[in-house]
Amino acid sequence: MKKKVAFYTLGCKLNFSETSTIARGFEEEGFEKVSFDDRADMYVINTCSVTENADKRFKTIVKQAQQANPDAFIAAIGCYAQLKPEELIAVNGVDLVLGASEKFKLTDYINDLSKNDFGEIHACEIEDVDQYIGSYAIGDRTRAFLKVQDGCDYKCTYCTIPLARGISRSDALPNVLKNASEIASQGIKEIVLTGVNIGDYGKGEFGNKKHDHTFLDLVKALDTVEGIHRLRISSIEPNLLKNETIDFVAESDTFVPHFHIPLQSGSDDILKKMRRRYLTDLYTDRVARIRQVMPNACIGVDVIVGFPGETDEHFLETYHFLNELDISYLHVFTYSERDNTLAANMENPIPKRVRAKRSKMLRGLSVKKRRAFYESQLGSRQTVLFEGENKQGYIHGFTENYVKVKAPWDPALVNTLHKVVLDRIDEDGLVRFEFAREHARAV
């Protein structure tokens with residue numbers, strides 16, 4: 001009988017790509033991968049430490065695994081495992097915790113999967129983590145997440161990612177192209193490029209700190225890979241998103257008009273306290289450049305509320321800056337203190353209730369921005385890639401510029417591309433459409 005292993009991933013697209021690669025390693029070792037809800041011999045939880053909630057969810061997920069099989073071997077990997085391994089190993093039922101360098105060798109650390117009286121930790125110092133392990137996620141979604149870069153050399157005062165993932169380093173360009181070709185050969189239509197700081201691509205590509213290739217080199221090379229219908233850039237720092245890259249995407253038939261650009265604050269005072277590497281003028285210029293060459297592009301924004309010292313005036317600066325900016329949606333994060341960061345010890349912490357109020361205001365603004373963006377696209381002709389899940393009788397999909405559409409469930413549409421005309425916004429905020437030309441029916 002094959003041993004069964006199940007995986008649970010918290011956090012970002014990068015974590016999903018790494019979980020998928022680790023899971024393929026288990027399958028090569030003779031394991032059968034099953035759902036996390038199923039009874040398995042081993043459960044692997046890939047942790048996140050970006051938000052407070054991700055930390056707290058870990059215990060709940062461990063209990064979920066124990067309910068499925070009280071005798072199962074439980075392993076924790078990922079960012080939280082690197083930052084606070086002692087906390088994870090202290091959770092009842094956890095047998096193994098692996099840090100940033102060790103997680104890709106998980107199968108080397110397991111024997112007969114029997115439970116131990118005491119859990120084991122294997123985690124080196126983050127300063128010693130300098131190797132690069134490529135990965136990509138396929139099989140779970142219509143889109144594949146392709147990791148091209150890891151780690152970060154920035155020292156933002158609120159962020160634990162450099163402590164959890166180490167220095168900025170990149171996959172070699174030939175290996176990225178090989179992975180992209182492997183993904184395309186499996187019939188996946190869209191690849192999302194992911195990493196911690198993907199605009200820094202090329203640094204550490206051959207074990208050194210200089211850039212052997214640039215992010216633009218990467219984008220141009222991927223544009224030539226056969227069999228890929230869509231390439232999407234995930235989050236990229238505004239100071240690393242160059243005009244040349246924006247202009248290339250605008251002319252590309254493969255890269256889609258969608259950018260996600262972290263802002264974090266619309267106040268220059270707060271940006272300086274965060275030690276971000278730009279001010280609002282540069283951010284405004286990036287958005288203007290995208291709008292100039294891609295008027296219908298989707299532009300998403302990360303923003304943090306409640307940073308220490310963020311006065312009402314600072315917050316209103318952020319609100320008005322975003323309100324006036326021609327963007328499409330927001331990802332709003334409520335600041336939470338993280339151990340071993342400079343911000344955790346800054347003066348004038350913001351009360352939790354104020355943080356929550358500000359977060360609610362920006363989430364409301366995001367709803368308005370997304371609605372306005374969707375309305376601006378009504379009547380336009382787009383290509384939709386349909387997802388693979390039946391959600392309460394509907395199938396969902398995304399246009400190139402990230403408008404989310406819905407239609408009555410039809411399994412024949414899964415993982416297919418169709419030309420449509422966006423017609424109206426449904427009561428749930430998603431867009432209905434009519435098939436273009438070859439299809440006459442409205443959905």
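Q: In this predicted model, which hand does the crossing of helix 8 and helix 10 have?
A: Let's start with the two elements themselves: helix 8 covers residues 243–251 and helix 10 covers residues 280–293. Their axes lie 10 Å apart. Where helix 8 passes helix 10, the crossing is right-handed.

Q: How are helix 8 and helix 10 oriented to each other, roughly parallel or roughly antiparallel?
A: The two helices pack at an angle of about 25 degrees. Angles under 35 degrees count as roughly parallel. Helix 8 is therefore, relative to helix 10, roughly parallel.

Q: How many charged residues are there in the contact of helix 8 with helix 10?
A: On the helix 8 side, the contact uses Asn243, Ile246, Asp247 and Ala250. Helix 10 meets them with Arg286, Arg289, Ile290 and Val293. By class, that gives four nonpolar residues and one polar residue, and the number of charged residues is three.

Q: By class, what are the residues in the contact of helix 6 with helix 7?
A: Helix 6 (residues 173–185) and helix 7 (residues 215–222) have axes that come within 10 Å and cross at roughly 35 degrees, and the crossing is right-handed. Helix 6 brings Leu173, Val176, Leu177 and Ala180 to the contact, while helix 7 brings Leu218, Ala221 and Leu222. No polar and no charged residues take part, and the seven residues are nonpolar.

Q: How are helix 11 and helix 12 oriented to each other, roughly parallel or roughly perpendicular?
A: Helix 11 spans residues 312–324 and helix 12 spans residues 352–377, with their axes 11 Å apart. The packing angle is about 5 degrees, and the cut-off for this class is under 35 degrees. The two helices are therefore roughly parallel.

Q: How many nonpolar residues does the contact of helix 11 with helix 12 have?
A: Helix 11 contributes Asp312, Phe315, Thr318, Tyr319, Leu322, Asn323 and Glu324. From helix 12 come Arg358, Met361, Leu362, Leu365, Lys368 and Lys369. Two polar and five charged residues are in this contact, and the nonpolar count is six.

Q: Which strands stand at the edges of the open sheet of six strands?
A: The order in this sheet is 2-1-3-4-5-6, with parallel pairing, and the twist averages 20 degrees from one strand to the next. An edge strand has a single partner strand, so one side of it is left without a neighbour in the sheet. Those edge strands are strand 2 (32–34) and strand 6 (120–122).

Q: Which residue in strand 6 stands opposite valine 97?
A: Strand 5 (residues 96–98) and strand 6 run parallel and are joined by three bridges. Opposite valine 97, in strand 6, stands isoleucine 121.

Q: What angle does the direction of helix 1 make with that of strand 1?
A: Helix 1 (residues 13–28) packs on the sheet of six strands, where it touches strand 1 (4–9), strand 2, strand 3 (42–47) and strand 4 (73–78). Its direction and that of strand 1 make an angle of about 175 degrees.

Q: In the open sheet of four strands, what is the pairing, and which residue is the bridge partner of glutamate 190?
A: The order here is 7-8-11-12 and the pairing is mixed. Strand 7 (136–137) and strand 12 (230–233) are the edge strands, each pairing on one side only. Four bridges join strand 11 (residues 190–194) to strand 12, and these two run parallel. In strand 12, the partner of glutamate 190 is arginine 230.

Q: What is the radius of gyration of the chain?
A: The chain has twelve helices and 20 strands. For 443 residues the globule rule gives 22 Å, and the chain comes close to that, so it is as compact as a globular protein of that length. Its radius of gyration is 22 Å.

Notes. Residues numbered from 1 in each chain as written. Predicted model: local features only at pLDDT ≥ 70, side-chain atom pairs only at ≥ 80, totals over all residues. Heavy atoms only, no water. Axes fitted to C-alpha atoms, helices over the stretch in contact; angles between N-to-C directions. Parallel < 35°, antiparallel > 145°, perpendicular 65-115°, else oblique. Left-handed = near helix turned anticlockwise from the far one by under 90°. Contact = heavy atoms within 4.5 Å. Nonpolar A, V, L, I, M, F, W, Y, C, P; charged D, E, K, R; others polar. Pairing = 2+ DSSP bridges. Rg over C-alpha atoms; globule rule 2.2 N^0.38 Å.
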